[in-house]
Structures are given as C-alpha cells and as structure tokens.
Amino acid sequence: MDDVLISFLQVIVNELSYFCFMNEFKVDILAIAAHPDDVEISAGGTVAKHIAEGKKVAIVDLTQGELGSRGSGPLRLIEAENARQILGAHFRENLGLRDGFFKYDDESLLQIIEVVRKYQPEIVLTNALKDRHPDHARAAKLVSDACFYSGLNKIPGAPIWRPKAVYHFNQDFYNEPDFVVDVTDFWKVKMDSLMAYKSQFHDPNSKEPETPISGEGFFEYLKARSIDFGRPAGMTLAEGFQVGRTLGVKNLFDLV
Ligand SMILES: [Zn+2]
C-alpha cells in the first residue's frame with residue numbers, strides 16, 4: 001500500500017474510534033505541570049471554579065518533585081492526591097519524569113502526547129513560559145508543543161487530538177497576563193488544596209530547610225499577586241494566564 005492510502009486509512013480508524021467508543025477519560029480541561037503543587041499554586045482557583053460549573057478536569061504532574069528541598073517523591077504523591085480530592089478534579093496522574101533532569105526530547109514529548117490524546121481536553125493549562133525554576137519554562141514548551149503534535153496523525157498511538165487552547169500560568173516571576181480569571185469565590189478551596197501539601201508550605205514544627213515557598217509570607221504573597229491581577233479587571237482576586245497567540249471572543253459580552 002502506498003503512503004497516501006495508509007495515511008487515509010489511519011485517519012478513518014482514528015475518526016471511527018473517536019465516534020464509536022466513549023472515552024471515559026475525556027475532560028474539558030487538562031492542567032499539566034512540572035511539579036505537584038504547580039497547578040494548585042497558580043491555577044487552583046480557576047480549576048475549582050470550572051469544576052463548580054460542571055466541567056471535567058484532569059491534572060497531570062510530569063515529575064514527583066523529588067528534588068524539592070522538603071518532603072519526598074512518595075510523600076508528594078500522597079499530598080497531590082489529597083489536593084485533587086479537595087479541588088474535586090476527576091483524574092490525576094504522574095508521568096514519573098525526572099525532576100530537574102527531564103529533557104525536551106522525543107521520549108518526553110511522546111509521553112505527553114499520549115496523555116493529551118487520552119484526556120482529549122478542550123483547554124490545557126500549563127507552566128509559565130518564563131520563570132525562576134528552569135523546569136517550568138521547559139515543561140511549558142514541552143506541553144504546548146505536545147498539544148500541537150498530538151493532532152498529527154502520523155504520530156502513532158491513541159486517536160489524534162489537538163486542544164483548542166493552551167494557557168500558561170503565572171508562577172514566581174511576574175509575567176503580564178493576557179487575561180485573568182475571577183477566583184474570588186474559590187480562594188478558600190485553592191488555599192485548602194495548597195494546605196494538602198503539608199511538606200511544602202509553612203509548618204512551625206518542621207525541621208526541614210526553608211524554601212522560597214515554605215515561609216509564612218508565601219500565602220500573603222500569593223494573595224497580593226491575585227489582588228494585583230484582579231484590581232484592573234474589577235475583581236477582588238484573580239489568577240492570570242498568558243497565551244502564545246492572539247485571543248478571540250465570540251462576542252464582546254464575553255469580555256468583562
Ligand atoms: Zn514547580
């Protein structure tokens with residue numbers, strides 16, 4: 001068979017498998033980030049808000065965050081599952097890439113392509129494009145490229161899928177957001193989900209080393225950032241996101 005016929009048959013098989021089999025993992029939003037707690041810190045309110053509005057959400061952590069100065073990989077897996085339950089996210093899994101050492105390579109891309117195809121999200125939330133921790137920008141590039149490649153039918157595996165949009169978090173560095181989401185009513189659930197990461201945040205009895213997020217002031221800083229993001233948009237507390245392309249709206253009333 002020639003290549004054109006093989007490609008044509010592959011497209012037919014992909015389409016048939018999409019329409020004939022219900023995908024139990026299909027979600028509206030996939031939040032995928034380098035370390036457990038990245039999603040909660042930067043987009044916990046946004047995730048909780050959309051779940052409250054009936055959307056399905058999956059969270060995928062690329063690594064266990066095993067290089068973190070506090071806690072351990074296995075402990076962070078337990079904490080991540082507790083945080084998932086607090087947010088009400090439908091699925092959470094860990095890809096087991098090496099914290100600090102995962103690479104932008106075929107293997108990492110193919111693993112991420114597989115989860116994009118598995119969860120078939122409309123929207124993907126992921127790490128900041130530029131940040132203090134070098135894993136964040138690397139993960140951001142891996143995830144946004146994998147979302148594109150996931151739609152190419154010559155990459156074998158599960159049926160192809162390309163999300164409609166990829167939005168990047170704001171993390172340590174201030175990156176001017178392209179849009180903000182009002183999370184005022186979901187601040188408490190965000191904070192509760194963060195407190196599930198007991199090994200990472202302020203604990204007066206901990207003997208572990210101090211980190212940039214373990215101090216008492218970290219939650220104050222997070223709230224200050226959210227006040228700052230919300231203020232120009234007339235919101236009390238907001239999470240900000242960046243987009244690698246021009247944004248469009250269906251009508252002017254979707255903008256606030
Ligand atoms: Zn991180």
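Modeller: Helices here are DSSP runs of H or I with at least four residues, strands are runs of E with at least two, and both are numbered from the N terminus. Ser108 is found in one such run, helix H4. This is a predicted model, in which local features need pLDDT of at least 70 and side-chain atom pairs count only at pLDDT 80 or more, while totals for chains, interfaces and linings use all residues. Residues are numbered from 1 along each chain as its sequence is written.

Colleague: Thanks, that helps! Why is Ser108 called buried?

Modeller: We count the other C-beta atoms, placed from the backbone, within 10 Å of a residue's own: 20 or more means buried, 12 or fewer means exposed, and anything in between is partly exposed. Ser108 has 21, so it is buried. Leaving out residues up to four places away in sequence, Ser108 touches Leu97, Phe102, Lys103 and Leu142; touching, or contact, means that the C-beta atoms, again placed from the backbone, lie within 7 Å. Gly71, 37 residues from Ser108 along the chain, has its C-alpha atom 25 Å away.

Colleague: How do you know that the length of H5 agrees with what a helix should span?

Modeller: The expected span is 1.5 Å times one less than the number of residues. H5 runs over residues 134-149, which makes 16 residues and an expected 22 Å; its end C-alpha atoms are 23 Å apart, so the two agree. H4, with 14 residues, reaches 20 Å, close to the 20 Å expected.

Colleague: Which residues of H5 are buried, and what do they pack against?

Modeller: The buried ones are Asp135, His136, Ala139, Ala140, Leu142, Val143, Ala146 and Cys147. They pack against strands S1 (29-33), S2 (57-63), S4 (123-126) and S5 (165-168), as well as helix H4 (106-119). As general background, an α-helix has 3.6 residues a turn, so residues three or four places apart point the same way. On H4, the buried residues include Ile112, Val116 and Tyr119, and the buried residues of H4 pack against S1, S2, strand S3 (91-97) and H5.

Colleague: How do the axes of H4 and H5 lie relative to each other?

Modeller: They come within 9 Å and cross at roughly 60 degrees. The axes are lines fitted to C-alpha atoms, for helices over the stretch in contact, and angles run from 0 to 180 degrees between N-to-C directions. Ser108, Leu109, Ile112, Ile113 and Val116 in H4 meet Leu142, Val143, Asp145, Ala146, Cys147 and Tyr149 in H5. By class, that contact has 9 nonpolar, 1 polar and 1 charged residues. For those classes, Ala, Val, Leu, Ile, Met, Phe, Trp, Tyr, Cys and Pro count as nonpolar, Asp, Glu, Lys and Arg as charged, and the others, Gly among them, as polar.

Colleague: What makes a group of residues a nonpolar core?

Modeller: The set must be made of buried Ala, Val, Leu, Ile, Met, Phe, Trp, Tyr and Cys residues joined through C-beta atoms within 7 Å. The largest such core here has 57 residues, and Leu30, Ala31, Val116 and Val143 have the most contacts inside it. H5 gives the most to this core, with 6 residues. Beyond its neighbours within four places in sequence, Leu30 is in contact with Ala58, Val60, Val116, Tyr119, Pro121 and Val124.

Colleague: And Phe179: is it buried, exposed or partly exposed?

Modeller: Phe179 has 17 other C-beta atoms within 10 Å, which lies between the two cut-offs, so it is partly exposed. Phe179 is found in strand S6 (residues 179-182) and, not counting neighbours within four places, is in contact with Phe241 and Leu247.

Colleague: What stands out about the phi of Asp37?

Modeller: It is positive, about 95 degrees, although Asp37 is not a glycine. Most residues other than glycine have a negative phi. Asp37 lies in the loop between S1 and helix H2 (38-52), and its 25 C-beta neighbours inside 10 Å meet the cut-off, so it counts as buried. Gln120 also has a positive phi, near 45 degrees. Gln120 sits in the loop between H4 and S4 and is buried, with 21 other C-beta atoms within 10 Å.

Notes. Two residues are in contact if their C-beta atoms, placed from the backbone, lie within 7 Å.
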